[in-house]
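Let's take a friendly walk through this structure, from its helices and sheet to its salt bridges. Please have the sequence and the coordinates open as you read.

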Amino acid sequence: MGEYEKIHQIMKSFKEVNRALYYMLLEESDELNLTVIQFQVLNALDQTPNASLGQLSEELLVGNSTMSGIVERLVKAGLIVRERSENDRRTLTMRLTPEGNKKKEEAYELLTERLSGLREISDEDIKFLLKVHQEILDKLKRG
C-alpha cells in the first residue's frame, strides 16, 4: 500500500465511523426531542457538574456564543439550571435539573442499547484500537 493510499484509508475509516456515530446520535436525539449538541451538553454536565460556559464550550469544541444559545434553550426546557459559582460570584455554572438528569438517563439507556454490538469487541482489541488512536493523535499534533 502506497503512502497516499495508507493515509486515505485511515481518513476514510475515521470518517465512516464518525458518520455512523453521528447519525445514530441524531436518531437518538430526535427520539428524545433534543439536538445532538444538547445531548452532548447533558452528558458533559453529568460528567462535570457545575461547569462554566467556557468549560462546556472547550469540552464540546464550540464557541462561547454558540454554547450560550444551547444553554439558554436547555434552561428554558427545564433540563439545566444556571447558578452563580460559590467560589467566584462573577461566574455562572450549569448543572442538570432532576428533569435533565432523567432525560440524560433515557439517553444513556438508548445509547447503550444501540451500541450493544460494541460489547462483542474483545478487551484486547479495544486496548489495541485505543493505542493506535493515541498514536495517530500524537502524530497529528506533531504535524
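## A cut-off to start with

A residue counts as buried when its relative accessible area is under 20%, as exposed when it is over 50%, and as partly exposed in between. Glu83 has a relative accessibility of 29% and therefore counts as partly exposed. Please keep in mind that the model is predicted.

## Two helices that cross

A good place to begin is the pair formed by helix H2 (residues 36–47) and helix H5 (residues 98–114), whose axes come within 10 Å and cross at roughly 105°. That angle is why H2 is described as roughly perpendicular to H5.

Which residues make this contact? From H2 come Phe39, Leu42, Asn43, Asp46 and Gln47, and from H5 come Gly100, Asn101, Lys103, Lys104, Ala107, Tyr108 and Leu111. Sorted by class, the contact of H2 with H5 has 5 nonpolar, 4 polar and 3 charged residues.

## A sheet of three strands

Next, the sheet. Strands of a sheet pair through backbone hydrogen bonds, either parallel or antiparallel. Here 3 strands make an open sheet in the order S1-S3-S2, with antiparallel pairing. Strand S1 (51–52) and strand S2 (80–84) are the edge strands, each pairing on one side only. S1 pairs with strand S3 (residues 92–96) in the antiparallel sense over 2 bridges, and Ala51 stands opposite Met94 in S3.

Two helices pack on this sheet. H2 touches S1, S2 and S3, and its direction makes about 100° with that of S3. Helix H4 (residues 64–76) touches S2 and S3, and its direction makes about 110° with that of S2. H2 thus appears in both settings, as it contacts H5 and packs on the sheet.

## Positive phi in two loops

Two loop residues are worth a look on your backbone plot. Asn50 is a residue other than glycine with a positive phi, near 65°. Asn50 is placed in the loop between H2 and S1, and its relative accessible area of 40% makes it partly exposed.

Leu61 is not a glycine either, yet its phi is positive at about 60°. This residue sits in the loop between helix H3 (53–60) and H4. Is Leu61 buried or exposed? With a relative accessible area of 75%, Leu61 is exposed.

## Salt bridges

How many salt bridges does a search of the whole structure find? The search gives 8. One of them joins Arg114 to Glu31, with the closest N and O atoms 2.2 Å apart. Arg114 belongs to helix H5 and Glu31 to helix H1 (residues 3–32), so this pair ties together parts that are 83 residues apart in sequence. Both ends are partly exposed: Arg114 has 27% relative accessibility, and Glu31 has a relative accessible area of 48%. Salt bridges with shared partners also join Glu27, Glu31 and Arg114 into one network.

Another salt bridge links the sheet strands. Glu83 pairs with Arg95, and their closest N and O atoms are 2.9 Å apart. Glu83 lies in strand S2 and Arg95 in strand S3, so the pair ties together parts that are 12 residues apart in sequence. Glu83, the residue from the opening example, is partly exposed at 29% relative accessibility, and Arg95 is partly exposed at 30%.

In helix H6 (residues 123–142), Lys131 and Glu135 form a salt bridge whose closest N and O atoms are 4.0 Å apart. These two residues are 4 residues apart in H6, which means that they are separated by about one helical turn. Lys131 is exposed, with a relative accessible area of 53%, whereas Glu135 is partly exposed at 37%.

## One last pair

To finish, find Asn33 in the loop between H1 and H2. Asn33 counts as exposed, at 70% relative accessibility. How many residues lie between Asn33 and Ser122 as a separation in sequence, and what is the C-alpha to C-alpha distance? Asn33 and Ser122 are 89 residues apart in sequence and 34 Å apart in space, C-alpha to C-alpha.

Definitions and conventions
Residues numbered from 1 in each chain as written. Predicted model: local features only at pLDDT ≥ 70, side-chain atom pairs only at ≥ 80, totals over all residues. Heavy atoms only, no water. Axes fitted to C-alpha atoms, helices over the stretch in contact; angles between N-to-C directions. Parallel < 35°, antiparallel > 145°, perpendicular 65-115°, else oblique. Contact = heavy atoms within 4.5 Å. Nonpolar A, V, L, I, M, F, W, Y, C, P; charged D, E, K, R; others polar. Pairing = 2+ DSSP bridges. Buried < 20%, exposed > 50% of the residue type's maximum accessible area, 1.4 Å probe, protein only. Salt bridge = Lys/Arg side-chain N within 4 Å of Asp/Glu carboxyl O.
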